[in-house]
Amino acid sequence: MPDTSDAPVAVILAGGQGSRLWPISRDRAPKQFQPVVRDRPLLTGTIERLSEIVDPSRIHVSTRARFADAARATLGPVPPENLILEEDPAGPATAFALSIATLSHKYGNAPALIAPSDHLITEEDAFNEASRDMLEQLDRTPESMVVLGAEPTRFDPSLGYIHTKGGDDAVQVIDSFHEKPDEDVVGELGESGNLYWNTACYGVRVGRACEAYRSALPLIFESIERFARGATAEKAYRGAAIGGHEIYPLMWAGMECLVVPRQLGWTDVGTWPRLERVLHDQRVTSIGPALQLDAEDTLVASMDGRPVVTLGARGLIVVTHEDAVYVLDRQKALDTGILERLRSLLAASTREDLL
């Protein structure tokens, strides 16, 4: 029988590969399990933040089976049995569907916060207040879906945007979502209403969200629900996948989509430029112990704690792990095509473990 109390629950989506931040983020230990900022794994920070709002016993972590050990090592107060596992990388919509099906099976139609594992929040009080406002909104409009929107501080073509018709309300009705639009589109949208970064932090009643997925994708979601009813923390889902954005099935089913807009110290730590901006804002010149003399445009990341010393380094990214040292040209590391060529060479070599 599900727990039918109305206490909030939460799920943290932690199954991404983080390939744009390779080699900090590697196949066996992606960025969410690494101490990328603040000397602690990003997942640990997310759990600590949500634990201010949701009892840790009601927080779940969705990830891939191959990351299960790394996840268990960073769960802190979250029970190990609260892992939700996928066998293969099936995309965020599948992870979202598997999560709401699992929560609905355990907790009925409880209000839920669904958050990524790899985002950095510097204004935690503002984030916690916004999260509580999202839960209160679900009390007022239990049939709706609520998104936390961050007021943009610059144009970033690698982020998703939320457009509303405008107004100064604390809660606004979403007009449209835009995934990675170009600058001209962002300018046009900003002239016709309000525009926010999509933080991918959502609030839903999980039973209602399941109804929407069941309506929009009946056959696939039926198999996901069947798995969720018999799932354990050791058993991984390997069924049909859902493509596209995780929110689209909710919209197709006619759910009202709302945004709680806020000024937040929010960053999706997903690319080298964003990571460098975070480190600059924190007045940090490296990750882990490092000493650099006469360096320029060089980022050092010691992920295994070994000291790194550079002299006269120019335009480099230097990353150390316990089994390898990576030295990359900074500009070429920003080119995903070149980075994938290097990864392909490693995959074809006898050192696939370095991926």
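This is a quick tour of the salt bridges in this structure.

A word on the source before we start: the model is predicted. The count is 28 salt bridges. I'll take three pairs, then a network.

Start with arginine 154. Its partner is aspartate 156. The closest N and O atoms of arginine 154 and aspartate 156 are 4.0 Å apart. How accessible is each side? Aspartate 156 has 7% relative accessibility. The cut-off for buried is under 20%, so aspartate 156 counts as buried at 7%. Arginine 154 comes out at 28%, which makes it partly exposed. So this bridge joins a partly exposed arginine to a buried aspartate.

Next, glutamate 179 and lysine 180. These two form a salt bridge, with 3.2 Å between the closest N and O atoms. Glutamate 179 sits at 44% relative accessibility. Lysine 180 sits at 43%. Partly exposed runs from 20% to 50%, so glutamate 179 falls in that class, and lysine 180 does too.

Third pair: arginine 306 with aspartate 304. Here the closest N and O atoms are 2.6 Å apart. Arginine 306 has a relative accessible area of 38%, so it is partly exposed. Aspartate 304, at 26%, is also partly exposed.

Now the network. Which residues are joined into one network by salt bridges that share partners? They are Arg26, Arg28, Glu322 and Asp323.

One general point behind every pair. Side chains of opposite charge can pair when their charged atoms come close.

To recap the pairs: arginine 154 with aspartate 156, glutamate 179 with lysine 180, and arginine 306 with aspartate 304. Thanks.

Conventions: Residues are numbered from 1 along each chain as its sequence is written. This is a predicted model: local features need pLDDT of at least 70, side-chain atom pairs count only at pLDDT 80 or more; totals for chains, interfaces and linings use all residues. Side-chain values use heavy atoms; hydrogens and water are left out. A salt bridge is a side-chain nitrogen of Lys or Arg within 4 Å of a carboxyl oxygen of Asp or Glu. Buried means under 20% relative accessible area, exposed over 50%, partly exposed in between (1.4 Å probe, protein chains only).
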